[in-house]
Structure formats: structure tokens, C-alpha cells
Amino acid sequence: MTVTVLQARSALATPALPVGDIAAHRPLDLRAIRLTTGTLADWQDLNASATIPHCIDQLEASGVIDNFRRVVGESGAAYRGFYFADSDLYKVIEAVAWEIARTGTTEFDAWLDDVIGLVARVQEPSGYVMSWIQGVHPEKKFAELDWTHEMYVLGHLVQAAVALDRANGRTDLLTIARAFADLVDRRFGPGRDKGICGHPEIETALVELFRHTGERRYLTLAERMIDLRGTGLLKVGGLGARYFQDQAPVRESRDAVGHAVRQLYLNAGVTDAYLENGDPTLLSAMDSQWASAHERKMYLSGAFGSRHRDEAFGDDYELPSERAYAETCATIADLHWTWRMLLAGGQAGAARYAETIEREVHNALAASIDATGTKFFYSNPLQQRPDRYSEENAPRERTSWYACACCPPNIARTVAQLSSYVATSTDTTLWLHQFAAAEIDLPAHLGDGVLRIATAYPADGAVEITVHGRITPGARLAVRVPSWSPSSALASPVLPDAAAPVGADGYAHVELVEGATYRIDLDLTPRWTSGHHRVDAVRGCLALERGPVVFCVEQASMPDGAIVDDLVLVPGAPHEVSPRELAVTVASVTQVASVTTAPGGVASGGLYAASGSTAGDAPTFTVTAIPFATWGNAAPGAMRVWIPVRP
């Protein structure tokens, strides 16, 4: 079967590329933002040298590749893994694609030849390709959309194919993806069968396929799937419609509910659709959804999902620390959605979206992987008790793979594209959203120059931006000023009158001047953070933050004889800062806080006691807090982010 592939509409290598005039911000080419040193650059290098190769090895070891081989008689092994395991392969291909875009590597070319050729051999003449259906249950083809994940798998195939074409012009996977997408369009497009996937993801992929090929029918199909959600098409069974985000039409659903990853992927697709059709009712729903998820249901670390049952959002302010499900894929899905809300000019504002992405990247996402880049958390609780037992997707320590392995390859593809989220442009302005040592090529309409950013952030708050090359007259620079550093101003030593304080939009704005250097010093004074009074799980507790980094105390760093679960914070406890870097995944500094042990515990004291029995006379001592992202690297054991305050 021959499929004609249209020329891509843009040569930009970036994950989300709106093509209309609706977007408030334009993404830059991933290749135009080169992270040079520091936390994020080191992480991308580790991802390329360790995480991606590890994922490739695990695809073979776990049976994902054999699942394809057995369909065409190239393996006699039994099917292994979940029915949607094909998606793990596609996510790894996408990770490789963005790594090719980032560095131009050819290291993975032979592997790509092998696996893409295998997928092509498995694909049916109709365009259908899914190894579980074809090799195990062919009678279920498009028959159980609530559970079979066929469209979810297609979505990841499409995203990998688009990424690979954008990275180096390779179109063989795109040919496969388009054939499958065309089949779905023939079956479920306008005027045909009504069908939506039980696990949203295809919506955002179809919009991107429209952007990449110019074929509007892909956008129309995505819009149709969005419009059909909440109309009762799915057989929701005992899980209920909320689990599937099928309890109400998208435009009427104002709260984040049900399976957290599904809700957040759906929202990314809805926002993508808005970015192309400009339907204000879609953006209004997304504004409400974003407020629900981030103002009432987000963990301090930037994680989502408070219930192990159904991997779901809980009620408003239901945020238990030790029972947080906080799936890694939920943080990744939200990062993708929040980035699209920034591009769309959503109600919360670019600064808030960018600060949320920063929180997610430096905390929940960073904590999901160990210092070797080869072990992962699926669930990311903010507290682990010493006697916690391991559950399959919530182990006591990071593990090299999972039976449901959605998270590790998702981490790999996200880290490979991290530089995409650093900056955007508008007609007159280059917007700097994330702080990292980098080189940024200005888009052509702003000049023919490069911004060089020097910083050790988040270990240090000094950020210097030097302008090199020709600048278009009137071009400007906007630098985000974090909410925890509101007094910071952007200034230039050679332009003493150009100091710019934070504006109402959360950014400091200055004119771009050829040869100028701008400096902003962010206030990284450690701060104690309290939770909303309705978050009962952390009532009477404080968490320690410095800049974007959330800290925790783990048993491995406790003094002899001290137990994490017995810590009680002394009111007004001082903290000191040491310049020591702690881990590869985050470059930060050590914090210390005075605490005291509470009476009782396993060996003594009752489960309950009369009011007034406090630790007021207990001796105090000092413990070391570490970035939450690095916990468990020294040794497995107890940990907590939120520390009770002594009455």
C-alpha cells in the first residue's frame, strides 16, 4: 500500500506547533534553544546516554518488540505486557527523535531502521497496526473502545512519527501513522460510526498531524472526538463515567475528575483544538479545568492524583502525602497541557503557566528518576513511612521497569524535549520562561542574533543574558520574575536606566540592545510554605522551599537515633545554606532546620493521649533537608516533605 506524504508545513522541530493566528505565543525550534550547562543540560545528556538506551533494552526484555514479531511469524513467544504495550515503543521512538533534533545523533539510526521496518511489516493493508489485537484478539478490533486503547496507541504512534519527521525529515514512520489515522477517519469520521477512546491522547496527536500535514480532516476528526465525549458512548461499567471523563460534554465539564492522566491528556487535546479553531467555549472550559487541577488538586511537588483506586483525582483539597498516587505520567500530561495553555494565552497568564512547568520539572518529574537515569518511580508520594509496603506501581524505591511501563518511556521523551519549554516569541518580544544556561537563536522577525544565558540556577539566583548579533529595531525581551522573588528587577550594567521591575504580567520587559548584558538576581532565600487550611492532610505542617525546589527530610540523612516520623518543627526554626551540590538530576544546595523529636512512637506511648501532651521539653537537634527530587538516591527508607510544627 502506498501512502502519499505531504510536505510538512513547517521545518520547526517542536512538540506543539500551532499554525493559525490564534496562539498568543509562538514556540521556538527545539534546535534554536541549546541548553549548555547545569541541571537541565546535564539531565538531557543523562537521558541520551542512559535513559533512552535503557528503555530500548527494556523494550526487548519486556517483550514489547517480540509482540510485533509474533504477528508476522518472526517470534514464537507468547504475548507479554498490557494490551497497549505498543505505545511504549512509540514513546521511545519519540524520545529518540527529539534527541536527534537536539544533537543530530546517528547513534539510534540502525535501531530505528529495525523497529520501524518491523511495524511496517505488521501493518495491515487497511492501515491497522496494533500487536495485541492482531496477535491475540482480532475479534476485538474497534469493538471495545472503552478498554482496548487502540486510539491511544495510535496517538503515540502519530506523535512519534511527527517528531521524527520534524527532527530529520524521516517519513517512513509518518507513512505508517497516516495510514492508521486514515483508517480511523474512514471508520469514525463525520457521518460515520461514533467512537471515542477510553483513554484520551489521540486528540492532541490528531491536531498535531493536521498541523504537520495540512490535512484538515485530522483536525475535524479530533474535534468530533472532543464533541462526542460525555454523550454516553463508552461502556463505563463499575468505574463510572467520571473515570473516563465521560460524565458531561467537554464544554460543560469544569472540574478535573477521574483518572488523572486521561483528564490531563484530554485537556491538552482540547487546548490544541482551540489553538486551531478559536472556539471560545473550549478555552473557557479549559480555564476552569486548569483552576480546578492547579488551585485545588495539585501537590506541592507538581504532581496529580490523590487516589490509588482508579489512579484518580480526589475531591477538592484531598491531597494526602503518604497515599498520594501522583503518577509520573500525570505530571508529564499536565506539563504538555500547561504549555499549550501558555501558547493559547489562557486566563491564568503565561507567568503562572511557566512557573507551574518549572515546579513540575524540578520536583515531581525530577523525583521520578534516579541519579543513574535507569530507575524510576511510577507513583511519587510526598511521604513514605518506614513500614510502607511495596505495591506494584508504588514501590518503596525506584525500579528499572514496570509491568505497566508507561512512565519510563514518557520520561525519556519529555526530557529530550525540555528545551522547547524555555522560551517563546510574539511579534515584538522574545519571552524567557525558564532559567537555564543556554544559547537561544532569535527568531528571524526579531533579528539575526543569539542570546547567551549564564546561570547556575537553581543553585544560584544570578542570571545574565548577553545579546549577540543584529537586533530588529523595537525588539524586546521579557524575563519571567517568579512569584517567590517579586522584588527582583532586570537591569543592564551598560544601560543603567534600563532597570525593569516585574510587570503586572509577571515579566520584566526591556528593549533588546545589541551587545548588551542584562542581569537579574532572583531571591533564593529559603522559605517555609503552608498548605491551604482545607488540606487536612498537611494542616499544622510546613514544607521547606528554595526557589523552585521543594525539600524533604529522609531517614538516610537523619542523625543517629532520630526517626523521620517523630520530627516536629520548632516554630521560627532557622535554616542555613551550604554550597554543596547534591545530585545529578538537580543542582541545588543543602538546607538545615532545627527540629525536635515528639514523644511516643512504636516502642512507647499510646496511640492517643490527652490534649496538651506535647514535645515542649524534648531536646532539639539539626537535620539536613535535601531536594525532594533526590530522595532515595542515598538509600531507601522513610521520607517526608511536610513537617508538623510543634504547638
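# Close-up views of a predicted model

**View 1. A hairpin joins β4 to β5 through 3 residues.** The model shown here and in every other view is predicted. Strand β4 covers residues 423–425 and strand β5 covers residues 429–432. The two run antiparallel and are joined by 3 bridges. Across the pair, Thr424 stands opposite Trp431 of β5. The side chains of β5 leave the strand in two directions: Thr429 and Trp431 point one way, Leu430 and Leu432 the other. Are these four side chains buried or exposed? Thr429, Leu430, Trp431 and Leu432 are all buried.

**View 2. Strand β5 also pairs with β9.** Here the strands run parallel, with 4 bridges between them. One pairing to pick out is that of Leu430, whose bridge partner in β9 is Leu477. Leu430 is also one of the buried residues of β5, pointing the same way as Leu432. β5 thus has an antiparallel link to β4 and a parallel link to β9.

**View 3. The open sheet has 5 strands.** Which order do the strands take? The order is β1-β4-β5-β9-β12, and the pairing is mixed. At the edges are β1 (26–27) and β12 (507–511), each of which pairs on one side only. Strands of a sheet can pair in parallel or antiparallel fashion, through backbone hydrogen bonds.

**View 4. Helices α12 and α13 lie across strands of the open sheet.** Helix α12 lies across β1 and β4. Its direction is at about 25° to β4. Helix α13, residues 350–367, lies across β9 (476–480) and β12. What angle does α13 make with β9? The helix runs at about 55° to that strand.

**View 5. Strand β13 has alternating side chains.** The strand spans residues 517–521. Tyr518 and Ile520 point to one face and are buried. Thr517, Arg519 and Asp521 point to the other face and are not buried. β13 is joined to β8 by 5 bridges, and the two strands run antiparallel. Within this pair, Thr466 has Thr517 of β13 as its bridge partner. Thr517 belongs to the face of β13 that is not buried.

**View 6. The peptide bond from Tyr457 to Pro458 is cis.** Omega is near 10°. Where does Pro458 sit? The residue is in the loop between β7 (447–455) and β8 (462–471). Strand β8, at one end of this loop, is the partner of β13 in the preceding view.

**View 7. Gln245 and Asp310 have positive phi values.** Neither residue is a glycine. For Gln245, phi is about 55°. Gln245 lies in the loop between α9 (216–228) and α10 (260–277). Its relative accessible area is 4%, so Gln245 counts as buried. For Asp310, phi is near 75°. This residue lies in the loop between α11 (280–295) and α12. Asp310 has a relative accessible area of 18%; because the cut-off for buried is under 20%, Asp310 is also buried.

**View 8. The largest cavity has a volume of about 120 Å³.** The structure holds 7 cavities of 30 Å³ or more. How many residues line the largest cavity? The lining has 14 residues. Pro15, Glu94, Gln159, Glu208 and Arg340 lie nearest the centre of the cavity. Four helices each give two or more residues to this lining: α3 (86–103), α6 (150–168), α8 (202–213) and α12 (328–344). Helix α6 gives the most, with 4 residues. By class, the lining has 5 nonpolar, 4 polar and 5 charged residues. Helix α12 appears again here as a contributor to the lining; in View 4 it lies across β1 and β4.

**View 9. Asn633 and Ala367 are 266 residues apart in sequence.** In space, their C-alpha atoms are 9.8 Å apart. Asn633 is found in the loop between β20 (620–627) and β21 (639–640). Which residues does Asn633 touch, leaving out those up to four places away in sequence? The contacts of Asn633 are Asp370, Ala371 and Arg398. Asn633 has a relative accessible area of 30%, so the residue is partly exposed.

Conventions: Residues are numbered from 1 along each chain as its sequence is written. This is a predicted model: local features need pLDDT of at least 70, side-chain atom pairs count only at pLDDT 80 or more; totals for chains, interfaces and linings use all residues. Side-chain values use heavy atoms; hydrogens and water are left out. On a 1 Å grid over the protein atoms alone, a cavity is a set of points where a 1.4 Å probe fits but cannot get out, and a pocket is an open set with protein on both sides within 12 Å along at least five of seven lines; lining residues have an atom within 4 Å of a point. Grid points are joined across faces, edges and corners, and a volume is the space filled by probe spheres set on the points. Ala, Val, Leu, Ile, Met, Phe, Trp, Tyr, Cys and Pro count as nonpolar, Asp, Glu, Lys and Arg as charged, and the others, Gly among them, as polar. Buried means under 20% relative accessible area, exposed over 50%, partly exposed in between (1.4 Å probe, protein chains only). Two strands pair if DSSP finds at least two bridges between them. Contact means heavy atoms within 4.5 Å. Axes are lines fitted to C-alpha atoms, for helices over the stretch in contact, and angles run from 0 to 180 degrees between N-to-C directions.
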